[in-house]
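Trainee: Could you walk me through this structure, one feature at a time? I would like to learn how to read each kind of feature before we look at the case itself.

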Amino acid sequence: VRLVHGNYRDLAEILSELGIEAIDGFLLDLGLSSLQLDAPERGFSFRADGPLDMRMDPTQGRSAADLVNAASVEELARILRDYGEERFAGRIARAIVAARPIETTGALAEVVRRAIPRRFHERRIDPATRTFQALRIAVNDELRNLQDGLTAGFAALRPGGVIVVISFHSLEDRIVKRFFRKLATPRYESLAPGPPLPPQAEVLTKKPLR
């Protein structure tokens with residue numbers, strides 16, 4: 001086993017540095033680990049109060065606090081709507097801007113809870129959950145990383161190799177399904193008539209395995 005501190009979107013460069021020309025398998029586990037969630041100083045969870053960070057790699061990039069305290073109402077609303085599928089995105093964004101500066105996970109969670117009408121609070125899911133998901137995705141550019149990582153992983157596979165992805169929400173799932181479907185579809189190199197090129201891959205599981 002060789003552990004590398006890096007981003008899977010940079011797989012081609014990482015493999016080159018390791019002297020590996022091709023791989024037989026590529027597994028992406030897109031979930032957070034309990035080690036991340038249970039560490040208040042990482043800022044991923046509101047179960048314990050901590051700094052509003054959320055960076056997968058705390059050595060680089062802007063934190064969630066940077067984003068929350070600098071973004072416009074419009075940008076925050078877009079992030080919450082697109083990445084958290086939050087129905088009260090505009091309302092929460094306005095509440096966040098009004099409450100600035102927000103520096104901790106507990107403070108942000110409380111702002112979100114107050115912004116959502118109590119009758120829409122769900123019993124099993126904290127009202128702040130979707131906001132935290134959306135901000136984490138934005139801070140880490142997770143969806144673009146996923147797209148680039150899938151492309152890099154497939155490009156590195158030997159013929160007969162297998163690519164597997166463990167995803168946890170619909171936004172990730174959609175990207176993975178489209179990527180696999182495209183690989184399994186016959187393609188044309190140009191507009192010239194002629195038979196299509198064969199698919200680049202075969203989808204081994206038509207539906208996600210649970």
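Mentor: Gladly. Let us begin with a term: a residue is called buried when its relative accessible area is under 20%, exposed when it is over 50%, and partly exposed in between. Keep in mind that this is a predicted model.

Trainee: Is Met54 buried or exposed, then?

Mentor: Met54 has 0% relative accessibility, so it counts as buried. Its place is the loop between H2 and H3. Its backbone deserves a look too: Met54 is not a glycine, yet its phi is positive, at about 75°.

Trainee: Which other residue that is not a glycine has a positive phi?

Mentor: Glu85, with a phi of about 50°. Glu85 sits in the loop between H4 and H5. With a relative accessible area of 46%, Glu85 is partly exposed. For a glycine, turn to Gly19, which follows H1 and has a positive phi near 75°.

Trainee: While we are on the backbone, where is there a cis peptide bond?

Mentor: Between Arg100 and Pro101, where omega is about 0°. Pro101 belongs to the loop between H5 and H6.

Trainee: Let us go back to the loop that holds Met54. What does Asp53 touch?

Mentor: Asp53 is also in the loop between H2 and H3, and at 14% relative accessibility it counts as buried. Beyond residues up to four places away in sequence, Asp53 touches Glu41, Arg42, Gly43, Ser63, Ala64 and Val139. Ser63 lies in the loop between helix H2 (34–37) and H3 as well. At 10% relative accessibility, Ser63 counts as buried. Leaving aside neighbours within four places, Ser63 is in contact with Leu52, Asp53, Arg55 and Val139.

Trainee: And how accessible is Pro51?

Mentor: Pro51 counts as partly exposed, at 42% relative accessibility. This proline is found in the loop between H2 and H3. Its contacts outside four places in sequence are Pro40, Glu41, Arg42, Gly43, Glu103, Thr104 and Thr105. For a sense of separation, Pro51 and Gly25 are 26 residues apart in sequence, and their C-alpha atoms are 37 Å apart.

Trainee: How should I read a nonpolar core?

Mentor: The general idea is that nonpolar side chains tend to be buried together in soluble globular proteins. Here the largest nonpolar core has 30 residues, and Leu52, Ile92, Ile96, Leu108 and Leu135 touch the most other members. Helices H3 (64–70), H4 (73–84), H5 (89–99), H6 (105–115) and H7 (129–140) each give two or more residues to this core. Apart from it lies another core, of 20 residues, including Leu143, Ile163, Val176 and Leu183.

Trainee: Which residues does Ile96 touch?

Mentor: Not counting residues up to four places away in sequence, Ile96 touches Val68, Leu76, Ile102, Leu108 and Val111.

Trainee: How do I describe two packed helices?

Mentor: Two packed helices are described by the angle between their axes and the distance between the axes. Take H7 and helix H8 (residues 142–156): they pack at an angle of about 55°, and their axes are 6 Å apart. H7 and H8 are therefore oblique to each other. At their contact, Arg136, Ile137 and Asn140 in H7 meet Glu142, Leu143 and Asn145 in H8. By class, this contact has two nonpolar, two polar and two charged residues.

Trainee: Is Asn145 buried or exposed?

Mentor: Asn145 is buried, with a relative accessible area of 8%. Among residues more than four places away in sequence, Asn145 touches Asn7, Tyr8, Arg9 and Asn140. Asn145 and Asp10 are 135 residues apart along the chain, while their C-alpha atoms are separated by 9.2 Å.

Trainee: Last one: which residues of H1 are buried?

Mentor: In helix H1 (residues 11–18), Leu11, Ile14 and Leu15 are buried. Seen down the axis of H1, the buried residues fall within an arc of 95°, so they line one face of the helix. The face turned away from that buried side carries the exposed residues Ala12, Ser16 and Glu17.

Trainee: What covers the buried residues of H1?

Mentor: The cover includes strand E1 (23–29) and H8.

Key:
Residues numbered from 1 in each chain as written. Predicted model: local features only at pLDDT ≥ 70, side-chain atom pairs only at ≥ 80, totals over all residues. Heavy atoms only, no water. Core = buried A, V, L, I, M, F, W, Y, C linked by side-chain atoms within 4.5 Å. Buried < 20%, exposed > 50% of the residue type's maximum accessible area, 1.4 Å probe, protein only. Helix = DSSP H or I, 4+ residues; strand = E, 2+ residues; numbered from the N terminus. Contact = heavy atoms within 4.5 Å. Axes fitted to C-alpha atoms, helices over the stretch in contact; angles between N-to-C directions. Parallel < 35°, antiparallel > 145°, perpendicular 65-115°, else oblique. Nonpolar A, V, L, I, M, F, W, Y, C, P; charged D, E, K, R; others polar. Arc of directions from axis to C-beta.
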